[in-house]
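I opened the notebook to look up a few packing details. The entries follow in the order I made them.

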Amino acid sequence: MLDGRFRFDTFVAGPSNRLAVSAARAVAEAPGQAYHPLFLYAESGLGKTHLLAALGFHATQVDPGLVAGYREAGEYAEQLEAAAGRGDLNAWRREWESIRLLLLDDVQFLEGHAEAQAELLRLIDHAQARGHQVVLASDRPPADLDGLDQRLLSRMSGGLIADIAAPDLDTRLGILHLWRSIRVVDLDDAALDELSRHEVANVRELLGLFNRLVAQRALEPGTPAAGIARVLLAQALDERPPAPDEFESFLNEVTAVVASSMEQWRVRLAATVARWAGEGYRTDALEPFLDGNEPPDLDAVEARFAGAVTQLRDLEQEAARLDPRLAGVSVFRDPQRVDEARAIVMRALAAYDPPPAAADHLTIDNLSPGARNQLALRAAGEVIALPGSRYNPLFLHGPPSSGKTHLAHAIANALVARDGAWTVAVVDAAALGDELIEAMRTGELERWRMRYRAADALIVDNVQFLAGSDRLQDEFFHLFNTFVDGGRQVVLTADVPPQRLAAVASRLQSRFEAGLVVEIGRVSEAEAVARYTPVPLGDEAAAPTIDAWFDDMGEPEPARATFLQPAATGDAFFLDPEKVVSEWPSMDGRVIEDPR
Amino acid sequence: MPVVNYASREITCKIVYYGPGRSGKTSNLQYIHRRVPAARRGEMMSLATHGDRTLFFDFLPIDLGAISGFTTRFQLYTVPGQVYYRSTRRLVLQGADGVVFVADSQRRQAEENVESYRDLHEALAEQGVDVRDVPLVLQYNKQDLPPDLVASPDELDALLNFRAVPTFAADALGGRGVFETLRRVSELVLRRLATPATVIR
């Protein structure tokens, strides 16, 4: 090592290593006099070994009789071990003690070698006592050498500690110029300037670049070396391994800032939006809240949205069951279009599982008009002409066998005849109750509801059979409202006027009264006699049997009789005979009251 | 203002690197470009002259991914530093959410720095922006050059930083101070997110 390959004149001094170089020179000029010991440290590739060897060579040049020794610390420990093994430790010690300039490189490798550390400690003490020089080199300062004996560390720190940093611009340029002169290569100053601009972690990296430049220059003799250098540097920058986590730490910082800057409710809502959007649902209903300056009731907003999504899922499932082509239709992904989705399902239901319809043969034409049903027929005509907008509901009442059912079915048939696309649900209230019970039993309540709601008009016969079942009345209440509120026609029949419907909720009664309540009178004796027998097929209701007729005859009409006799107390308005209308010449714009 | 688009759940920040010609604005973007994983960045677009100086601007989009439910994007721009590209500078500066002023630390560039910094104030004022409201940081670049050539950060502070904004000594070629600068300006920009005026659809 001390053969002159490494010399001071081939070591470029600069701001990054000036102290180390001048200390090494001073030690080389006068070993044992300047620093006890000299401790040099630098990361790999920055010139520690070069400096140690240059120091040793120079010292032997100054004093040819000087005994100088260079060892790597690992080698030192191994030799010690070998000597101890051979049993000639004393000879080994004598040999080391005779060295006047001891250069020990990479002392960090002594970590874990307690014996070698102890020997070195002894050796340093011996050298100091004798005026010998010890120079140590390491990749870390003594304070960072964890595995070394404290006494040894304190000896190491007792002289001068000098570091060699990565070469700065001037040093890099100096190194490049030196190499150019040593290697005698044809590179102009501009190329070296360019190369020196590149910051390197160690001199070997710079040497690598220099070598590439030389090699590339040989391949492209016509190209200016500076240009090649620029290209090389650009490549070197790209090849440089990414600084650990520089971007990641930036990202973490930004994440933390966003999280703390955004109001928490916005973050939560944005996450909710992202989740639903991720599941394919439109989130238009949620996004306006993000615009607001005030936080909404997040729980309610999210619950409402989740509820709508649940409904959409059920509807989509039902729709797909009826018609597989309906699965995945966009409307089932938009919680703002639940009603539309429901309408689609209802239409599908109407097509694949329609509600009960009217009996075909019961038409207006085969009803016998007369004074008893004149008003009802006229009202029916109006309803058929203007369904949903004129009289809604139309409430027909009358004694059994007076032809209510016939008229109700006739209205339904006329509505369908008027518009072939219409679905008119015609059902007896008793059957409706049975269906409801069955739907509840089979868990198809929603489907049952939609089946009726899908209809364009609803005709319910014998609503007196709603009596007694609160659940049925509840369901019917909603069904009724759906139709009336949606401008769809409802026709109801009963054997008594709304007010006298026993055990039917008043909310239903009052709604029944809100439309037109029309009585169909009993079939007169003459009419009944005039009817031929046998009764035509399917016209039993309009043409009562003799038995029914006799039954009817046996029942007086108590309401009318009671009303015609003024009550002892009560509102005089209701006692005004003029308000009691039993014959109806015309109904236009008139308040119609049924005699009670 | 940083754009927070709640409809598409995006945060987009435009950060402009301003400064005199050859002060290292493009070097900043190039370093960031090299450090950001390829999947997170778009192509760096440079409209440059033959002499390698930015003619119009550089543009580097960075996608930071979903942060708190928001897709967060940064758009980094540089302006051409040369005096005669005044109108281009105005154009690029428009709508900036944050500004990094990259000063050239070389002593002989002191005048250019001052002139460019003044130009920045002027440009912001022309756009009706109060410079006190704009997140702004100063970067003293080329601090790696020999000490006798460059002014120290303290000297540059005395020269430029009368607004006492955050400053960073940097060597944009080597990368020192580049991310520190970006991090600080991003933080300043993002801290303004909750301001209602920044909320648009």
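**Entry: a leucine in a helix.** I started with Leu207(A), which is found in helix H9 of chain A. I keep in mind that this is a predicted model. Is Leu207(A) buried or exposed? Neither: its relative accessibility is 31%. Buried would need under 20% and exposed over 50%, so Leu207(A) counts as partly exposed.

I then looked up its contacts. Leaving out residues up to four places away in sequence, Leu207(A) touches Trp179(A) and Arg183(A). I also checked a distance to Ile175(A). The two residues are 32 apart in sequence, yet 8.9 Å separates their C-alpha atoms.

**Entry: H7 against H9.** Next I took the helix pair around that leucine. H7 of chain A covers residues 169–183, and H9 of chain A covers residues 203–219. Their axes lie 11 Å apart, at an angle of about 50 degrees. That angle makes H7(A) oblique to H9(A). The crossing of H7(A) past H9(A) is right-handed.

Which residues meet here? From H7(A) I noted Arg172(A), Ile175(A), Leu176(A), Trp179(A), Arg180(A) and Arg183(A). From H9(A) they meet Val203(A), Leu206(A), Leu207(A), Phe210(A) and Asn211(A).

**Entry: H4 against H5.** I looked up a second pair in chain A. Helix H4 runs over residues 89–97 and helix H5 over residues 114–130. They pack at about 40 degrees, with axes 10 Å apart. H4(A) and H5(A) are therefore oblique to each other. H4(A) passes H5(A) in a right-handed crossing.

On the H4(A) side I listed Trp92(A), Arg93(A), Trp96(A) and Glu97(A). They meet Glu119(A), Arg122(A), Leu123(A) and His126(A) of H5(A).

**Entry: a serine in the loop.** I moved on to Ser98(A). This residue sits in the loop between H4 and strand S3 (101–105) of chain A. Its relative accessibility is 41%, so Ser98(A) counts as partly exposed. I also checked Ser98(A) against Ala127(A). They are 29 residues apart in sequence, and their C-alpha atoms are 9.2 Å apart.

**Entry: nonpolar cores.** How many residues does the largest nonpolar core have? I found 48. Leu51(A), Leu55(A) and Val135(A) have the most contacts inside it. The core draws at least three residues from each of two domains of chain A, domain 1 (8–164) and domain 2 (169–239).

I picked Val135(A) for a closer look. Residues up to four places away in sequence are not counted here. Val135(A) touches Val27(A), Leu38(A), Leu40(A), Leu52(A) and Leu55(A). Val135(A) also touches Leu101(A), Leu102(A), Leu103(A) and Leu104(A).

Another core, of 37 residues, lies apart from the largest one. Among its residues are Phe250(A), Met262(A), Leu64(B) and Phe179(B).

**Entry: chain totals.** I finished with both chains. Chain A has 25 helices and 10 strands. Of its 596 residues, 47% are buried. Among chain A contacts with a separation of 6 or more, 75% join residues 24 or more positions apart.

Chain B has 5 helices and 9 strands. Along the sequence I read the pattern β-β-α-β-β-β-α-β-α-β-α-β-α-β. Chain B has 201 residues, and 57% of them count as buried. For contacts in chain B with a separation of 6 or more, residues 24 or more positions apart account for 69%.

Notes
Residues are numbered from 1 along each chain as its sequence is written. Chains are lettered from A and ligands numbered from 1 in the order in which they are written. This is a predicted model: local features need pLDDT of at least 70, side-chain atom pairs count only at pLDDT 80 or more; totals for chains, interfaces and linings use all residues. Side-chain values use heavy atoms; hydrogens and water are left out. A nonpolar core is a set of buried Ala, Val, Leu, Ile, Met, Phe, Trp, Tyr and Cys residues joined through side-chain atoms within 4.5 Å. Buried means under 20% relative accessible area, exposed over 50%, partly exposed in between (1.4 Å probe, protein chains only). Domain bounds come from an automatic or database domain assignment. Contact means heavy atoms within 4.5 Å. Axes are lines fitted to C-alpha atoms, for helices over the stretch in contact, and angles run from 0 to 180 degrees between N-to-C directions. Helices (H or I, at least four residues) and strands (E, at least two) are DSSP runs, numbered from the N terminus. Angles under 35 degrees count as roughly parallel, over 145 as roughly antiparallel, 65 to 115 as roughly perpendicular and the rest as oblique. A crossing is left-handed if the near helix is turned anticlockwise from the far one by less than a right angle, and right-handed if clockwise.
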